Protein chains: 2
Amino acid sequence: MRLSRYFMPTLKEDPKEAQIASHRLMLRAGMIQQSSAGIYSWLPLGNRVLKNIERIVREEQDRAGALEILMPTIQPADLWRESGRYDDYGKEMLRIVDRHDRDMLYGPTNEEQVTDIFRSHVNSYKDLPLNLYHIQWKFRDEVRPRFGVMRGREFLMKDAYSFDLDYEGAKIAYNTMFVAYLKTYARLGLQAIPLRADTGPIGGDLSHEFIILADTGESEVFYHKDILNLKTPEGDHTPEELQALVDEWTSYYAAADEMHDADNCGVAEGDLVARRGIEVGHIFHFGEKYSKAMGATVMGPDGKEITVSMGSYGIGVSRLVGGIIEACHDEAGIVWPEEVAPFKVGLINLKSGDEACDAACEDFYAKLQAAGIEVLYDDTSDRAGGKFAKMDLIGVPYQVTIGPRGLKTGVVEFKTRKSGEKEEITPEAALNRLVG
Amino acid sequence: MRLSRYFMPTLKEDPKEAQIASHRLMLRAGMIQQSSAGIYSWLPLGNRVLKNIERIVREEQDRAGALEILMPTIQPADLWRESGRYDDYGKEMLRIVDRHDRDMLYGPTNEEQVTDIFRSHVNSYKDLPLNLYHIQWKFRDEVRPRFGVMRGREFLMKDAYSFDLDYEGAKIAYNTMFVAYLKTYARLGLQAIPLRADTGPIGGDLSHEFIILADTGESEVFYHKDILNLKTPEGDHTPEELQALVDEWTSYYAAADEMHDADNCGVAEGDLVARRGIEVGHIFHFGEKYSKAMGATVMGPDGKEITVSMGSYGIGVSRLVGGIIEACHDEAGIVWPEEVAPFKVGLINLKSGDEACDAACEDFYAKLQAAGIEVLYDDTSDRAGGKFAKMDLIGVPYQVTIGPRGLKTGVVEFKTRKSGEKEEITPEAALNRLVG
């Protein structure tokens with residue numbers, strides 16, 4: 001992509017309305033624009049990151065055997081009356097009356113709707129286990145939306161729902177998602193820690209939040225330092241292997257502020273770490289809560305009716321854009337993990353209009369494109385300092401700068417955004433590193 | 001995908017509520033489920049087709065130089081008050097009041113919002129031309145939603161908006177989209193015809209609807225028979241080439257019922273064809289309608305302020321799923337064009353549980369997957385007749401049937417869904433055809 005033909009309205013000054021790093025940097029990098037309180041338009045750069053995260057989340061859900069569907073944003077109130085949540089939900093639910101005076105709502109979540117799909121079509125134990133997910137916009141009418149996309153009103157979420165014959169089956173579904181989440185965050189370039197979460201009236205121990213560490217995180221977390229040394233699982237797993245993995249990851253102490261008990265956490269002082277974190281996912285076994293209320297049953301092997309056991313598994317996709325920035329930024333701007341970066345390479349022409357510089361840049365640009373590498377080529381006539389600052393701000397992992405002086409000795413500058421390391425190497429060597 | 005682990009709730013009987021072929025077939029094939037009037041959940045099979053169409057539309061928009069953004073579904077009413085459409089729009093607009101009593105709406109279209117993005121960031125003629133598009137859910141509160149996804153209330157649409165300095169620039173943008181649409185429909189396996197559409201108070205001749213032919217189409221269209229012989233453009237084009245292409249495609253008579261004038265159409269009787277069609281896209285130059293009302297201006301080369309010239313370009317993505325089925329089905333079910341098919345191949349095990357059949361199917365399945373071919377493997381213990389009928393119904397382009405009798409002589413049955421042709425060939429030959 002040529003910057004001269006791109007739409008990336010960066011800001012030089014910090015916007016006043018932004019209180020946290022990700023909000024500030026997303027506005028400054030021209031990733032988003034506020035439409036109304038807590039509601040954003042995603043500009044080209046932001047949309048690219050959002051789509052990358054969505055793709056990775058989808059691939060890991062597919063790999064874990066979940067089936068993708070797509071439920072609508074607008075739901076009938078009657079479904080929520082069946083579960084009893086229509087009255088319980090309060091003002092966070094955006095309630096709507098259509099032209100025929102029917103009560104509708106903009107879905108804040110989809111337990112009722114997916115349970116309705118299930119009960120309409122699934123009748124036999126033979127059709128289980130089943131895990132249905134979708135990636136769809138949701139709406140929560142927060143009283144005070146803030147922190148940009150971290151706590152917006154309209155947000156993109158992946159939510160999966162599992163259906164099993166019994167608790168044992170539901171536990172396998174739960175463990176499958178637990179491990180899929182570990183893989184997802186690792187692919188996003190994040191170090192995630194599962195925290196045991198409150199199960200409320202449901203009880204049991206099958207509820208975990210996943211947090212990522214970030215100095216600017218919203219809440220404090222406490223954990224045994226060795227949990228960071230665990231290796232992310234790879235490949236496929238039997239139910240037994242899944243259980244062993246979950247046991248391993250949950251054997252280390254990890255708790256959010258409100259669940260932490262300093263005196264009884266059982267971790268030696270030297271092993272306990274306190275840091276800030278950001279919640280980026282939540283998995284939850286809720287058993288028969290919805291299936292019972294809404295009559296989601298199947299015929300068992302013995303001909304008896306069985307109320308199915310369910311769980312839900314959420315990842316905030318749009319929230320993750322902000323979360324990743326909170327975890328991955330420095331003074332100069334965003335530092336994208338490679339898999340989610342909007343472009344892998346920023347190509348800087350130090351002297352646009354100079355015949356030799358233009359030719360060398362065009363050649364480099366064409367070769368990267370031919371190799372399928374996503375590159376943003378700054379072909380504008382801006383000052384060199386402005387070009388460097390812009391590439392640092394938007395956080396592309398690698399920058400290649402081509403200028404008249406380097407061309408004379410046959411080198412380009414190759415900068416790695418994360419380390420800040422700069423090297424003078426030949427264009428061929430730079431290409432090899434990026435394509436290799 | 002193994003059918004035994006898939007969620008594809010097909011129906012044997014025609015559902016009573018469906019009046020047209022696509023609605024009937026989408027319900028029967030387990031592609032969608034109604035959530036409320038005119039609002040649908042997309043089940044796994046339907047979601048796959050939707051995503052395929054979305055991908056092709058996106059690729060052709062990108063190729064045409066449009067930049068993808070993503071605007072939210074919920075918009076502030078104030079924007080629509082600026083353009084004057086908040087009061088004009090009537091009951092089709094889903095109006096919402098949020099918890100702070102602010103007037104909001106579920107966007108039926110995005111002219112106001114994209115103009116707001118433009119005026120917030122673009123100040124100079126140097127930043128033009130610009131074409132921003134998004135693929136997002138929209139809502140129109142139809143008084144009588146019907147025909148399934150063809151006329152739903154919540155629907156997925158690609159809408160692009162072009163910004164240019166003057167009419168000449170806008171015309172190039174228009175022609176670019178005109179040609180991109182021809183390419184898009186061709187890739188979707190459709191023969192599309194551009195019809196000159198009403199420009200209303202805007203005037204001029206820059207408004208076209210694209211229709212596809214289908215015997216079950218909603219409206220009658222009249223056209224010169226030779227327009228079907230035109231070749232879809234390929235590759236990139238200069239502005240002059242674009243104009244020549246548009247001139248060529250619009251040189252043939254083509255009009256919808258309400259625009260058709262039998263006495264003055266200038267087509268000899270033998271050349272005029274009357275058929276049924278379905279509208280699947282609309283492009284429209286509306287000039288300064290929104291930019292003037294909302295103050296979207298740029299500084300021109302001479303330092304003077306210029307109100308930008310705009311156009312909009314829509315493709316109904318979810319509507320196309322139904323439209324394609326209307327154009328591509330027969331007595332037995334859907335006949336998907338290969339590029340949008342949910343799976344390319346249906347693999348039928350004629351005797352699941354039989355050791356030789358299972359082994360041959362597993363081997364074939366593994367080889368297709370290794371080659372990256374999307375395959376639905378019917379590994380269930382259903383009757384053969386039911387398996388054949390199901391594959392015909394869901395319309396996968398190729399069916400491979402493996403049974404005990406064929407295995408003895410080393411052959412499988414290879415069926416092409418569109419022609420109905422069946423051949424007995426070796427598994428290797430079948431693989432070569434599918435992978436090749």
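**View 1. A salt bridge links the two chains of this predicted model.** D98(A) forms a salt bridge with R153(B). Their closest N and O atoms are 2.9 Å apart. In total, the rule finds four salt bridges across the interface of chain B and chain A. Polar contacts also cross this interface: 20 residue pairs are found, with both residues at pLDDT 80 or more. On the side of chain B that touches chain A, 30 residues are nonpolar, eleven are polar and 15 are charged.

**View 2. Chain B meets chain A across an extended list of residues on each side.** Chain A brings 56 residues to the contact, and chain B brings 56 residues as well. Between them the chains bury about 4,500 Å². Carbon and sulfur atoms account for 58% of that area. Three residues of chain B lose the most area to chain A: F7(B), L70(B) and R99(B). Together they make up 16% of what the chain B side buries.

**View 3. Helix α1 of chain A is largely enclosed by the rest of the structure.** The helix spans residues 21-28. Seven of its eight residues are buried, so the surroundings enclose most of it. The buried residues are A21(A), S22(A), H23(A), L25(A), M26(A), L27(A) and R28(A). What covers them? Parts of chain A do, including the strands β1 (32-36), β2 (39-42), β17 (329-330) and β18 (333-334). The helices α9 (317-327) and α11 (384-394) of chain A are also among the covering elements. After α1(A) comes G30(A). The phi of G30(A) is positive, near 70°.

**View 4. N349(B) is a buried residue in a strand of chain B.** The strand is β19, which covers residues 345-349. Is N349(B) buried or exposed? N349(B) is buried, with a relative accessible area of 0%.

**View 5. The side chain of N349(B) has polar partners.** One partner is D358(B): a polar contact of 2.9 Å joins the two side chains. Another is the backbone nitrogen of S352(B), which the side chain of N349(B) reaches at 3.4 Å. Which residues does N349(B) touch, not counting those up to four places away in sequence? They are C357(B), D358(B), C361(B), Y377(B), D378(B), K387(B) and I402(B). D358(B) thus appears both in this list and in the side-chain polar contact.

Technical notes
Residues are numbered from 1 along each chain as its sequence is written. Chains are lettered from A and ligands numbered from 1 in the order in which they are written. Side-chain values use heavy atoms; hydrogens and water are left out. Contact means heavy atoms within 4.5 Å. Buried area is the accessible area (1.4 Å probe) that two parts lose on being put together, summed over both. A salt bridge is a side-chain nitrogen of Lys or Arg within 4 Å of a carboxyl oxygen of Asp or Glu. A polar contact is a pair of N or O atoms within 3.5 Å; within protein, one must be able to donate a hydrogen and the other to accept it, and residues adjacent in sequence count only if both atoms are side-chain atoms. Ala, Val, Leu, Ile, Met, Phe, Trp, Tyr, Cys and Pro count as nonpolar, Asp, Glu, Lys and Arg as charged, and the others, Gly among them, as polar. Buried means under 20% relative accessible area, exposed over 50%, partly exposed in between (1.4 Å probe, protein chains only). Helices (H or I, at least four residues) and strands (E, at least two) are DSSP runs, numbered from the N terminus.
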